[in-house]
Amino acid sequence: MTELRKADCAAHRRSVGLAAAAIVLPLFVSACASDKDVDLTSYVESIEPADALYNQGLANLEAGRMTEAARKFDAVDRQHPYSEQARKSMVMAAFTNYRQGKYEEAINTGQRYVSLYPTSDDAAYAQYIVGLSYYRQVRDVTQDQKEARRLAETMRELVDRWPESEYVDDAHAKIRFARDQLAGKEMQVGRYYQERREFIAAVKRFRNVVEMYSDTRHIEEALARLTESYYAMGLASEAQTAAAVLGHNYPESQWYKDSYALLQSGGLSPREDQGSWLSRAGKVLTGS
């Protein structure tokens, strides 16, 4: 009976041992498999110092290897996110994306930088890169002008927030360009309506140019088109006022000569109605 109990105990111990092995073995195998998938030693060794990565990015940028430069700058941001080199790398990544024509990436990175470091020395430059990225995407006036609108907004923000920046002069130039594009779009749509004899819609577009974009090259034509549209609608006083404002500000313009001839063909002449919105707009043009 004693021997039987000893045998039972031995068998019990063997079964417990097998059960434990059944539990431990998969964990051991899993650990081995994990070691094959992720070599922590090599992973640690693959992380380079932030300054080394940043300098490699600059070297590649200088050599014209934009893709490799972008990869290095991105590595700094990922591996050393709180370092000074990561902050600098973000600006350089925006520039590198811009140079590669990856404008959306440049915009996103530049905006992220300005959001995180608005008072840093490079904030104005990051904003400038965002503006240039919009500038490169501005389309012909026959197409949508959302990029021109964003260009004007971005560069205006640069001028307002960093008025002493070295980029301000070019920002002003880009604002003028963007506003000219937006005015050109209004004129293009206005002419379309005018050709279809939808004069009310045409007047709205030409009026937008006079009131919102009077500092662009389209102002003379806008006033002349208003003269034509009002004349065609039988609104003689408004047509005369538009021609008078045009003649007062641009007396040598061919647009004024054509408007004057149009009025004369109907027995009219330029005459300003002081109560008209056109008269008020004319005072803005002259600065009076």
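This report describes one helix, one surface patch and one glycine of the structure. The model is predicted.

**Helix 12**

Helix 12 covers residues 236-249, 14 residues in total. From its first C-alpha to its last it reaches 20 Å, close to the 20 Å expected at 1.5 Å a residue. Of these 14 residues, 11 are buried, so the helix is largely enclosed by the rest of the structure. The buried set includes the run from E238 to L246, followed by G247 and then N249.

**Nonpolar surface patch**

I200, M233 and L235 together make a nonpolar patch of about 280 Å² on the surface. M233 belongs to helix 11, which spans residues 219-233. The relative accessibility of M233 is 33%, so this residue counts as partly exposed; the class lies between the limits of 20% and 50%.

**Gly131**

G131 is located in helix 7, residues 123-135. Its relative accessible area is 0%, and G131 is therefore buried, the limit for that class being under 20%. When neighbours within four places in sequence are left aside, G131 is in contact with L151, T154 and M155. Between G131 and E157 the C-alpha to C-alpha distance is 9.8 Å, while the two are 26 residues apart in sequence.

The two residues with a stated accessibility are set out below.

| Residue | Helix | Relative accessibility | Class |
|---|---|---|---|
| M233 | helix 11 (residues 219-233) | 33% | partly exposed |
| G131 | helix 7 (residues 123-135) | 0% | buried |

Technical notes:
Residues are numbered from 1 along each chain as its sequence is written. This is a predicted model: local features need pLDDT of at least 70, side-chain atom pairs count only at pLDDT 80 or more; totals for chains, interfaces and linings use all residues. Side-chain values use heavy atoms; hydrogens and water are left out. Helices (H or I, at least four residues) and strands (E, at least two) are DSSP runs, numbered from the N terminus. The expected span of a helix is 1.5 Å times one less than its number of residues. Buried means under 20% relative accessible area, exposed over 50%, partly exposed in between (1.4 Å probe, protein chains only). Patches are made of residues with over 30% relative accessible area and no salt bridge: like charges are joined within 9 Å, nonpolar side chains (Val, Leu, Ile, Met, Phe, Trp, Tyr) within 5 Å. Accessible areas come from the Shrake-Rupley method with a 1.4 Å probe; for residues, only the protein chains shown count as cover. A salt bridge is a side-chain nitrogen of Lys or Arg within 4 Å of a carboxyl oxygen of Asp or Glu. Contact means heavy atoms within 4.5 Å.
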